[in-house]
Structures are given as C-alpha cells and as structure tokens.
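Q: I'm new to this structure and a bit lost. Could you pick a single part, give it a close look, and tell me what sits around it and elsewhere in the protein?

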Amino acid sequence: MVTYGNRVYSEDSFGFTANTDKNSLEGAINMMPYRSGVTTETGMAIKHVFVVGGYKMLDDIMVRLAYETCG
C-alpha cells in the first residue's frame, strides 16, 4: 500500500503480506497518515508500485486477492 498526494510517500508504504489477517491489515491502514496535496498524482503512485516496489508488490496483491476470493 502506498500513500500519495503531490508526491509518493514511500515511507508510509507496506506490502500486503506484512499483515497476515484482516484485523492487522485494517490496523495498518488506519495508522497511515492522511496525505494531501494540491494535486493527486495517481499515475505517479501506480508507477511507484510497479517500478520501485517491483513485481514483488504485485505478487503480494495477487496473493491477497486469491486469498480473499478463495477463502
């Protein structure tokens, strides 16, 4: 998960495998600070996930989606 406003705040990011259950994931999300900016750089945030985070982050997302879908 990555937060962004007018820049990507990678210091707030974490992979979904860092939290192994729903409660810990919700807690981690709730602890993330709200970041605002003049603009929202959605494209920059997506690029950050794939370029800086690498495909490892994508793997984390796919694992989480498979887990949530299949139970």
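A: Let's begin with a term: an accessible area here is worked out by the Shrake-Rupley method with a 1.4 Å probe. Counted that way, the protein exposes about 5,100 Å², and carbon and sulfur atoms supply 60% of that area. Keep in mind that you're looking at a predicted model. The mean pLDDT of the protein is 75, and 82% of its residues reach 70 or more. Confidence isn't spread evenly, though: helix α1 has the highest mean, at 86, while helix α3 (residues 54-70) has the lowest, at 71.

Now for the general layout. There are three helices and two strands in the protein, and starting from the N terminus they come in the order β-β-α-α-α. Of the 71 residues, 27% are buried. Sequence distance matters for reading the contacts, too: among contacts with a separation of 6 or more, 69% are between residues 24 or more positions apart.

The part I'd zoom in on is N19. You'll find N19 in the loop between β2 (8-9) and α1 (22-31). Is N19 buried or exposed? N19 is buried, because its relative accessible area is 11%, and buried means under 20%. What does N19 touch, once you set aside neighbours within four places in sequence? The list is F14, S24, L25, A28 and R64.

While you're looking at N19, try a pair that links up positions far apart in the chain: T17 and V63. Their C-alpha atoms are 8.2 Å apart in space, although 46 residues separate them in sequence. V63 belongs to helix α3. V63 counts as exposed because its relative accessibility is 51%, and the cut-off for exposed is over 50%.

Next, hop over to T3, which sits in strand β1 (residues 3-4). T3 is another buried residue, since its relative accessibility is 13%. Leaving out residues up to four places away in sequence, T3 touches V8, Y9, D12, M32, P33 and R35. One of those partners, P33, is 30 residues from T3 in sequence, yet their C-alpha atoms are 8.4 Å apart in space.

Finally, look at the surface around helix α2 (residues 42-52), which is where I46 is found. I46 counts as partly exposed because its relative accessibility is 47%. Together with F50 and V51, I46 makes a nonpolar surface patch of about 280 Å².

So what should you take away about the spot we zoomed in on? N19 is buried at 11% relative accessible area, in the loop between β2 and α1, and its contacts include L25 and R64.

Technical notes: Residues are numbered from 1 along each chain as its sequence is written. This is a predicted model: local features need pLDDT of at least 70, side-chain atom pairs count only at pLDDT 80 or more; totals for chains, interfaces and linings use all residues. Side-chain values use heavy atoms; hydrogens and water are left out. Patches are made of residues with over 30% relative accessible area and no salt bridge: like charges are joined within 9 Å, nonpolar side chains (Val, Leu, Ile, Met, Phe, Trp, Tyr) within 5 Å. A salt bridge is a side-chain nitrogen of Lys or Arg within 4 Å of a carboxyl oxygen of Asp or Glu. Helices (H or I, at least four residues) and strands (E, at least two) are DSSP runs, numbered from the N terminus. Buried means under 20% relative accessible area, exposed over 50%, partly exposed in between (1.4 Å probe, protein chains only). Contact means heavy atoms within 4.5 Å. pLDDT is the predictor's confidence in each residue, from 0 to 100.
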